[in-house]
Amino acid sequence: MPTTTALQAPTAGAPFEVAEVPVRDLRDDDVLIDVKYAGICHSDIHQVREEWGSAIFPMTPGHEIAGVVSAVGGGVTRYKVGDRVGVGCMVDSCRECEHCKDGQEQFCLKGAVMTYNGRGYDGEETKGGYSRRVAVAERFACSIPDGIGLDEAAPLLCAGITTWSPLKRWGVGSGSKVAVVGMGGLGHMGVKLAVALGAEVTVLSRTDAKADDSRRLGAVAHVATADSAVLEDFRGSFDMILNTVSADLDVAQYLDLLKPLGAFVNVGMPASAWTIPPGSVVGGSRVVAGSNIGGIPATQEMLDFCAANGIGATIETIDADQVDAAYERVVAGDVRYRFVIDTATIG
Ligand code: NAP
Ligand code: ZN
Ligand code: ZN
């Protein structure tokens, strides 16, 4: 089997090393992608550190992939060599169940194949985008419009779709009042997309450190929540609260900030459970919901929306040897607002 040069974590939490990893021979419907940039999602950190339970090692993470098609299988119809494409969290699904047919591959009844730390239906371990090359079925590649740089586009493949999907699902648009909790990779995309959809957006962040950035991205307010008493001023204010926090949060405190019938939509994935008093949802008939990435057609729709609205992720580009340090900074909430690896620096 051919190989490529990639970063890999040999065991849980160990520093990254450069390695040769397998790339499968192209299948009929595969595109081979020269990866140019790979975003660092907090989900990469959760998995490399086994915070979600036992994982597959050695692991090459990366599900925010932007690159250029360098070869195509014989049956490929959508893409040709030289096309700019992105790959997100999924690289396969059954393609036949009701959810796959509906373009909601993340709900595939057979279980979608995740881009890394997963196994294909043939049993092969999947390897992600911290790599010079990946091979993927064309159905799971999206076209990156010319208006967006590949570096700014990479994070859209997870952070973009993961915030777009619930904003659309809950009907956010002109006149909506939205709060985004946590201004990190997902959070800053949530702000940009909700603002572009016409919503009035408030950022709920731990401190004032990111206040200028929130306003620059179009938020009407930035609230420092370290002193939680400040939340009292926002009781009954929001149609939707999008929670992107990667760590434990006192969710019950935030439910009171919803209008009647409002929705608290969680995308953050810390390992521990929540405690919610029933009264905090019964009062106001409020909704507590979750949201899991988004399907491939919605990912393309989001990319096209971003191009039409001049939106890319706000990024800090790093070399391959800076990834370990970048992980520490992400966990400390010290990233403005997504690290993107220049994959030409691997090896
Ligand atoms: P991130 O860049 O680290 O952003 C998380 C933000 O949460 C931080 O910037 C910080 O914002 C806030 N935060 C961090 N620690 C906190 C703490 N102890 N208390 C309160 N707030 C804290 O992470 P991300 O890449 O955006 O990912 C966020 C979460 O979403 C992760 O758990 C990730 O696994 C999950 N995720 C879910 C999906 C999905 O499909 N549902 C997809 C991708 C990622 P402030 O500095 O503004 O407070
Ligand atoms: Zn992600
Ligand atoms: Zn399916």
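Visitor: How are the donor residues of the zinc ion (ligand 2) spaced in sequence?

Guide: In this predicted model, the donor residues of the zinc ion (ligand 2) follow the spacing C-x21-H-x94-C. H63 sits in the loop between α1 (42–48) and β4 (65–72), while C158 sits in the loop between α3 (150–153) and α4 (159–169), so the pair ties together parts that are 95 residues apart in sequence.

Visitor: And which atoms coordinate that zinc ion (ligand 2)?

Guide: The coordinating atoms are SG of C41, NE2 of H63 and SG of C158, at 2.0 to 2.2 Å.

Visitor: Is H63 buried or exposed?

Guide: H63 counts as buried, because its relative accessibility is 6%, under the 20% limit. C158 is buried too, with a relative accessible area of 4%.

Visitor: Switching to the zinc ion (ligand 3), what are its protein donors?

Guide: Its protein donors are the SG atoms of C94, C97, C100 and C108, which lie 2.3 to 2.4 Å from the ion, and in sequence these residues are spaced C-x2-C-x2-C-x7-C. Of these donor residues, C94 counts as buried at 19% relative accessibility, and C97 counts as buried at 10%.

Visitor: Why is the arrangement there called tetrahedral?

Guide: Because the 4 donor atoms around the zinc ion (ligand 3) subtend angles of 103 to 122°, and the criterion asks that all angles lie between 85 and 135 degrees.

Visitor: Different topic: how many cavities of 30 Å³ or more are there?

Guide: The count comes to 3, and the largest cavity has a volume of about 70 Å³.

Visitor: What lines the largest one?

Guide: Its lining includes C89, M90, F140, L157 and I293, and by class the lining has 8 nonpolar, 3 polar and no charged residues.

Definitions and conventions. Residues numbered from 1 in each chain as written. Chains lettered and ligands numbered in written order. Predicted model: local features only at pLDDT ≥ 70, side-chain atom pairs only at ≥ 80, totals over all residues. Heavy atoms only, no water. 1 Å grid on protein atoms, 1.4 Å probe; cavity = no way out; pocket = protein on both sides within 12 Å on 5 of 7 lines; lining within 4 Å. Points joined across faces, edges and corners; volume = space filled by probe spheres on them. Nonpolar A, V, L, I, M, F, W, Y, C, P; charged D, E, K, R; others polar. Donors = N, O, S within 2.8 Å, 3.2 Å for Na, K, Ca; no water. Tetrahedral: all angles 85-135°; square planar, octahedral: opposite > 155°, others 65-115°. Buried < 20%, exposed > 50% of the residue type's maximum accessible area, 1.4 Å probe, protein only. Helix = DSSP H or I, 4+ residues; strand = E, 2+ residues; numbered from the N terminus.
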